[in-house]
Amino acid sequence: MKWPAGVTIKEVGPRDGLQNEKSFISTEDKITWINQMSESGLKHIEITSFVNPKWIPALSDAVAVATGITKVPGVTYTALVPNHQGLERAFQANIDEVAVFMSASETHNLKNINKNIDQTLPVLRDLVRDSLTAGKSTRGYVSTVFGCPYEGHVDIEGVIKVSEALFEMGIGELSLGDTIGVANPKQVHEVLEVLLKRFPADKLAMHFHDTRGTALANILVSLDMGITTFDSSLGGLGGCPYAPGASGNVATDDLLYMLHGMVIHTGVDQQKLLYASQFIQEKIGRTLPSKSFQAASSAGLGGILGSSV
Ligand code: HMG
Ligand code: MG
């Protein structure tokens, strides 16, 4: 297998990680947590989403969070935006990057954003155009690439169709979502083999949820195929409330442990993030899924880990 010298980590904990939490994390705690991340060497943090607050009450304080954080130069602060109302709020909050999102499967798209795929495309096209005009960078998500909670198998043709449409709109990067954590390494290989014939590896990111414990294995295969950007969530929090059975993203802590052990550069100080994981675990009040974080916690959060690679 071949490994890259470096990898870009896109931290999605404050958005994907918190959107599914039953207890509301206070605005002040969210801001503190994001500020801790900003000091860790992470260069990309998805801090919230400007969706309908009735659909995602956990992130109803999106504007207050986005305007309350201390922005660190060189860090890109991203947020999810579903429609024009969301874009207005994102502009008001002066977000750096707009992430639009949709699904490869019709039923998840409908359950998640209340529109079918054909109705969604023109909305996202306008959002990307207006974001670019306003000088924002843009990112697109395709969910249910490897399986849908409602339809099961997802046809690769559907993934290609929405991916092409999103790139034609002008997005800078496409994140391929295993929304419910069903992918396995063989499937990742097969899907990427098809997609990499159409889209360059440096325009793709992988977004694995770790519901069944296969996320790191899927990342290894993706690395071997030339992908160098991965979404992950501190502590392994995460999940889409409109995808039954979805649980946490691959944990940033576990991903860093693996990458740094392989001498793959990330620029992130693992030690600093451990304290950020500790902080959010206390606020959430339950044990975080990340194995690496739990191992470090039981060793006293200090000794066994090196710093950044
Ligand atoms: P809708 O109910 O069809 O919207 O929702 P609407 O246009 O009919 O408006 C209904 C009401 O919502 C109106 O208020 C609007 O003003 C308000 P009312 O007149 O009833 O008082 N409204 C808004 N308010 C604030 N901000 C907004 C907004 N939009 C409408 N942006 C909508 C359509 C898309 C908004 C809704 O379905 C929604 O918010 N969906 C988001 C669901 C979500 O966030 N899911 C999780 C994120 S996706 C994910 O996790 C997957 C990912 O991680 C990748 C992966 O894992 O695969 C990205
Ligand atoms: Mg997700």
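Strand E2 (residues 44–49) and strand E3 (residues 76–80) run parallel and are joined by 5 bridges. Within this pair, Ile 45 stands opposite Tyr 77 of E3. The model described here is a predicted one, and this pairing is a good place to enter it. Strand E3 is mostly covered, with 5 of its 5 residues buried. The burial extends to both of its faces: Thr 76, Thr 78 and Leu 80 are buried on one side, and Tyr 77 and Ala 79 are buried on the other. In a regular strand, side chains alternate between the two faces of the sheet.

Stepping back from this pair, the strands form a closed barrel of 8, in the order E1-E2-E3-E4-E5-E6-E7-E8, with parallel pairing. From one strand to the next, the twist averages 25°. Helix H5 (residues 106–113) packs on the sheet, where it touches strand E4 (97–103) and strand E5 (137–143). The direction of H5 makes about 130° with that of E4. Further along the chain, helix H9 (residues 215–224) lies across three strands, namely E6 (173–178), E7 (204–208) and E8 (229–232). Relative to E7, helix H9 runs at about 165°.

Helix H4 (residues 84–92) offers a clear view of how one helix is set against its surroundings. Its buried residues are Gly 86, Leu 87, Arg 89 and Ala 90. Seen down the axis of H4, these buried residues fall within an arc of 160°, so they line one face of the helix. An α-helix has 3.6 residues a turn, so residues three or four places apart point the same way. Turned away from the buried side of H4 is a face that carries the exposed residues Gln 85, Glu 88 and Gln 92. The cover over the buried residues of H4 includes helix H3 (62–68), strand E4 and helix H6 (117–133). Strand E4 thus appears both here and in the contact with H5. Just after H4, Asn 94 takes a positive phi of about 55°.

A helix–helix contact completes the picture. The axes of helix H7 (residues 156–169) and helix H8 (residues 185–195) come within 11 Å and cross at roughly 45°. H7 and H8 are therefore oblique to each other, and their crossing is right-handed. On the H7 side, the contact is made by Ile 156, Val 159 and Ile 160. Helix H8 contributes Val 191, Val 194 and Leu 195.

Note on methods
Residues are numbered from 1 along each chain as its sequence is written. Chains are lettered from A and ligands numbered from 1 in the order in which they are written. This is a predicted model: local features need pLDDT of at least 70, side-chain atom pairs count only at pLDDT 80 or more; totals for chains, interfaces and linings use all residues. Side-chain values use heavy atoms; hydrogens and water are left out. Two strands pair if DSSP finds at least two bridges between them. Helices (H or I, at least four residues) and strands (E, at least two) are DSSP runs, numbered from the N terminus. Axes are lines fitted to C-alpha atoms, for helices over the stretch in contact, and angles run from 0 to 180 degrees between N-to-C directions. Contact means heavy atoms within 4.5 Å. Buried means under 20% relative accessible area, exposed over 50%, partly exposed in between (1.4 Å probe, protein chains only). The arc is that of the directions from the helix axis to the C-beta atoms. Angles under 35 degrees count as roughly parallel, over 145 as roughly antiparallel, 65 to 115 as roughly perpendicular and the rest as oblique. A crossing is left-handed if the near helix is turned anticlockwise from the far one by less than a right angle, and right-handed if clockwise.
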